[in-house]
Amino acid sequence: MWALGPIGFATPWLLLALAGLPVLWWLLRAVPPAPIRRRFPGVVLLLGLEDRKQQSDRTPWWLLLMRMLAVAGLIIGLAGPVLNPERAGAAKSGPLLVFIDNGWAAAPDWAARMEAVDAALAEAAQDARPVAVVLASDVPGEGLPLRPAGEWRARLTGLGPVAWAPSYGAAMAWASDLPGAETLWLSDGLARDGRATLLAMFEQAGTVSVAEPPAPRLGLLPPRFEDGAVKLELLRSADGGERSVQISAIGPDPTGIERALARAELTLAPGATRAETALTLPPELRNRLTRFEVEGIRSAGTVALADDSLRRRRVALVGGADREGLELLSPLHYLRQALEPTAELIEGALNELIQASPDVVILADVATLAEPDQRAVAEWVAQGGLLLRFAGPRLAASDIGRGIEDILLPVRLRAGGRNVGGAMSWGSPRALAPFSDQSPFHGLVIPDDVLVSAQVLAEPGPDLGERTIAALADGTPLVTRKALGEGAVVLFHVSANAEWSSLPLSGLFVQMLERLAVSTRPTRPEAETLTGTTWQAEQVLDGFGVLSKAEAMAGVAGERLAGLAGPDLPPGLYAEADRRIAVNALGAEAELSPAHWPARVTPVWDMGRAAQPLGHWFLLAALVLLLADILAALRLSGRLGGAMAALACAVLLTPDAQAQDGEPTDPAHLAAAAEVTLAHVITGDADLDALARAGLDGLAGELTRRSSVEPAPSIGVDLEVDELSLYPLLYWPVSERQSLPSPEAYGRLNRYLAGGGLILFDTRDANLGGAGRSTAAGQRLRALAAPLDVPPLEPIPLDHVLTRTFYLLGDFPGRYAGQPVWAEAAPPDAEQAEGMPFRNLNDGVTPVIIGGNDWAGAWAVDANGRPLLPVGRGGAGERQREMAYRFGVNLVMHVLTGNYKSDQVHVPALLERLGQ
């Protein structure tokens with residue numbers, strides 16, 4: 001390739017034709033010899049006539065220039081001009097490894113990264129090089145997942161960043177024995193342990209080039225509540241000059257609509273890598289906050305979730321009258337000391353406190369309540385409140401809870417109390433027993449100096465053990481709890497002061513209140529405090545910082561929440577009873593530093609400037625100039641008016657081309673529109689997608705052999721971009737790791753189902769994945785199908801049209817058999833016609849079919865038509881594969897013809913209706 005500045009030419013010898021342009025100019029400018037003059041008397045008859053068609057004696061220079069430029073454009077276009085010829089140099093050979101850092105720091109410029117990868121894949125495709133694309137968060141077990149570059153290009157839309165910073169540990173273990181390959185490393189620009197080691201491993205396999213963005217990365221630390229304000233701290237990986245950003249505090253407004261409730265501007269000074277600001281918000285507004293976001297940057301690292309550490313629970317305190325001069329003996333003193341730093345305390349009359357809508361009501365040694373107050377408190381608890389009661393002399397001396405259970409006590413009480421450490425007692429003060437696994441206090445360390453000397457005793461009963469959540473060493477209940485409607489009632493069988501026990505004097509007292517969600521900490525709990533608890537993810541962040549509902553995820557041990565986010569702990573909001581803890585992409589002690597590379601490696605960020613062919617542009621310019629030449633020639637000859645009129649008529653008589661704008665132009669879509677095409681949903685799992693396509697190809701071959709349906713080659717569809725209405729059947733294999741489609745994709749899916757399309761969900765787990773309880777794939781199916789407009793389902797009955805659309809079937813096996821398959825339930829008024837074996841079912845096609853028999857695995861064939869996967873054993877297995885093919889044929893016939901065979905059995909009724 002010969003280059004001229006930034007432009008190269010694939011066939012430069014064609015440029016020699018440009019040397020002939022001066023000759024062409026001279027030929028076009030040539031003038032015929034001057035005419036010989038002769039006198040002719042008859043010319044007088046022509047005098048006074050107007051010549052309407054004039055012709056110039058020579059071609060104007062500007063028209064000649066236009067023609068020369070058109071010819072030059074044609075020559076240059078045919079010479080194969082290429083922009084950035086250095087990227088299209090000598091052909092390369094050997095495998096190409098594209099390694100992508102896909103942590104949260106890569107999210108802001110993810111589109112540019114994919115453009116760079118696409119450019120590298122396009123170049124590899126030209127050189128017919130095998131390519132492996134590996135994400136830092138999902139490295140293969142061993143070797144390189146080499147595939148054609150075109151196949152990887154089709155999968156790029158399914159790649160995305162994760163919400164944490166992937167560790168290089170797994171990548172180093174995988175790369176320790178790599179085969180020879182050239183590596184393109186797309187770095188996220190942040191320093192990370194193991195980067196130098198991983199680089200050395202890649203260099204052992206071949207040459208390494210690095211693409212890295214020059215802009216520093218930004219990250220938002222978790223919010224802190226200090227000195228009555230919310231502190232927000234922004235990090236920057238490197239100096240980037242002065243920069244100001246807006247931080248939004250987001251939460252639901254009083255109408256429940258999520259929006260920015262407050263904003264703060266934060267400025268990073270030149271040379272600074274940290275900046276801090278404070279938001280002073282009223283407690284009511286602060287309690288609404290769910291997260292903070294840096295505006296204009298889509299990344300999980302610039303989103304900080306809010307949890308209980310920012311919220312102050314409103315706690316109502318009600319107790320007996322304080323003893324004058326004896327503050328330490330007040331039943332509320334230790335409660336105030338424990339709760340004031342972390343909760344909003346309110347005191348007053350009980351009926352007024354209930355109207356203030358507190359989160360918790362604490363009754364310290366309050367025995368009896370007036371009937372209106374008791375009814376109001378019971379209703380408040382039933383609506384989700386927490387009533388926390390402490391014993392004391394008044395409660396011990398009263399008759400409340402004796403004999404019959406009081407609605408505001410968790411258990412029945414014995415008369416009097418129990419004194420185990422007084423001067424008149426025979427025993428010594430009792431210690432606490434370790435908390436059980438079912439207790440909310442499980443995992444808390446019990447200090448040796450926490451002893452109980454007096455308490456109120458619970459009356460034995462069948463449910464006492466179930467309601468006891470803390471006990472003494474001798475098994476006597478110390479804390480009991482029962483549910484009341486949506487709320488709960490909890491009783492400490494000791495006093496709230498230090499008269500009956502040393503519990504209020506210990507840190508355990510505060511920790512127990514936290515576990516009961518009476519108070520919250522202004523800081524993140526330590527691992528020791530969380531030990532023994534299990535938390536469930538409520539909402540999780542994706543790599544772009546989008547918060548969504550968490551689907552089926554295993555519970556997380558409490559001590560794990562004290563660590564950093566990772567694949568087993570994605571950033572999000574985790575719940576345990578009434579408590580919430582946020583896990584953010586950046587920990588409280590996070591630091592951001594730029595990646596440092598050795599001198600032999602020079603990162604660049606122009607990978608997207610691939611070699612771009614320019615020949616078509618030059619040919620287009622030549623065509624435009626030639627059209628202009630035609631118009632100019634018509635104008636000079638005086639015939640432009642008639643030509644324009646003919647052109648106008650042609651335009652007016654041409655059908656509106658805009659009506660065709662919505663039609664697909666992709667060749668695969670055009671083929672799907674012209675023929676029956678079976679399609680599968682692209683899941684992002686390369687092996688699963690390949691198996692689904694092979695399965696549909698195998699079914700298409702059987703349809704061609706057995707019926708008049710001759711499907712085109714099957715195709716994979718991307719739910720985010722592809723038109724679905726062209727495909728009568730979508731096969732959707734379900735795996736536990738596939739991501740949820742976007743709301744726009746779900747909108748297209750619902751329109752597809754409403755328009756008569758059918759989706760075959762296959763969990764491939766030999767179980768009823770549709771129930772969503774037994775397997776991980778089944779649970780993932782529930783999440784995938786939740787936004788779909790799916791009608792009520794039922795196991796396919798024996799009289800369903802699917803059992804007879806082509807073959808008579810009693811089961812629908814794949815690689816697995818014997819499991820129920822679900823379809824749209826028959827209408828309640830479906831009746832069996834007299835004398836007919838089938839019910840009068842609806843005439844529509846069921847929109848979904850759900851099962852777990854792995855049909856694609858049974859249908860799948862290789863390029864030679866041989867089965868890819870085994871089914872069963874011996875002849876029985878081949879019989880099962882045959883029945884799987886028959887089910888596939890019935891399914892396609894059902895999609896194409898509906899329930900027409902269900903109507904065929906009602907011929908008498910049809911004839912009767914026609915006669916009417």
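Biologist: Which relative accessible area makes a residue count as buried?

Modeller: This is a predicted model, and its residues are sorted by relative accessible area. Over 50% a residue is exposed, and partly exposed residues lie in between. Buried means under 20%.

Biologist: Are tryptophan 185 and tryptophan 597 buried or exposed?

Modeller: The class follows from the relative accessible area, with buried set at under 20%. By that cut-off, both tryptophan 185 and tryptophan 597 are buried.

Biologist: How many aromatic pairs does the whole structure hold, and what geometry do tryptophan 185 and tryptophan 597 adopt?

Modeller: A search of the whole structure finds 14 aromatic pairs. Tryptophan 185 and tryptophan 597 form one such pair, with 5.1 Å from centre to centre. Their planes stand at 90 degrees, and planes over 60 degrees apart count as edge-to-face. The geometry of this pair is therefore edge-to-face.

Biologist: How many residues apart in sequence are the parts that this pair ties together?

Modeller: Tryptophan 185 belongs to strand E7 (residues 182-186). Tryptophan 597 lies in the loop between strand E32 (579-583) and strand E33 (612-613). The pair therefore ties together parts whose separation in sequence is 412 residues.

Biologist: Which residues form the cluster linked by ring pairs?

Modeller: Trp185 and Trp597 are members of this cluster. Ring pairs link them with the other members, giving Phe99, Tyr168, Trp174, Trp185, Phe202 and Trp597.

Biologist: Which residue meets glutamate 151 in a salt bridge?

Modeller: Glutamate 151 lies in helix H4 (residues 149-155), and its partner lies four residues away in that helix, about one turn. The side chains meet at 2.5 Å, N to O. Glutamate 151 counts as partly exposed because its relative accessibility is 31%, whereas the partner counts as buried at 17%. The partner is arginine 155.

Biologist: Over which ring does the charged end of arginine 155 sit?

Modeller: Arginine 155 also takes part in the salt bridge with glutamate 151. Its charged end lies 5.3 Å from the centre of a ring, that of tryptophan 152.

Biologist: Which strands are linked by the salt bridge between glutamate 344 and arginine 314?

Modeller: The side chains of glutamate 344 and arginine 314 meet at 3.5 Å, N to O. The pair links distant parts of the chain, 30 residues apart. Glutamate 344 counts as partly exposed because its relative accessibility is 22%. The elements linked are strand E18 (residues 343-347) and strand E17 (residues 313-319).

Biologist: Why is helix H20 largely enclosed, and what covers its buried residues?

Modeller: Helix H20 (residues 776-785) is largely enclosed by the rest of the structure because seven of its ten residues are buried. Those residues are Ala777, Gly778, Arg780, Leu781, Ala783, Leu784 and Ala785. Their cover includes strand E36 (729-733), helix H19 (743-754), strand E37 (758-762) and strand E40 (848-851).

Biologist: Which helix gives the largest share of the nonpolar patch?

Modeller: The patch lies on the surface and is formed by Trp25, Trp61, Trp62, Leu65, Leu69 and Leu636, with about 600 Å² of accessible area together. Tryptophan 62 counts as partly exposed because its relative accessibility is 37%. The largest share, four residues, comes from helix H2 (residues 61-78).

Technical notes:
Residues numbered from 1 in each chain as written. Predicted model: local features only at pLDDT ≥ 70, side-chain atom pairs only at ≥ 80, totals over all residues. Heavy atoms only, no water. Patch = residues over 30% accessible without salt bridge, like charges linked within 9 Å, V, L, I, M, F, W, Y side chains within 5 Å. Areas by Shrake-Rupley, 256 points an atom, 1.4 Å probe, with all protein chains shown as cover. Salt bridge = Lys/Arg side-chain N within 4 Å of Asp/Glu carboxyl O. Helix = DSSP H or I, 4+ residues; strand = E, 2+ residues; numbered from the N terminus. Buried < 20%, exposed > 50% of the residue type's maximum accessible area, 1.4 Å probe, protein only. Phe/Tyr/Trp six-rings, centres within 6.5 Å; stacked < 30°, edge-to-face > 60°. Lys NZ or Arg CZ within 6 Å of the ring centre and 35° of its normal. Contact = heavy atoms within 4.5 Å.
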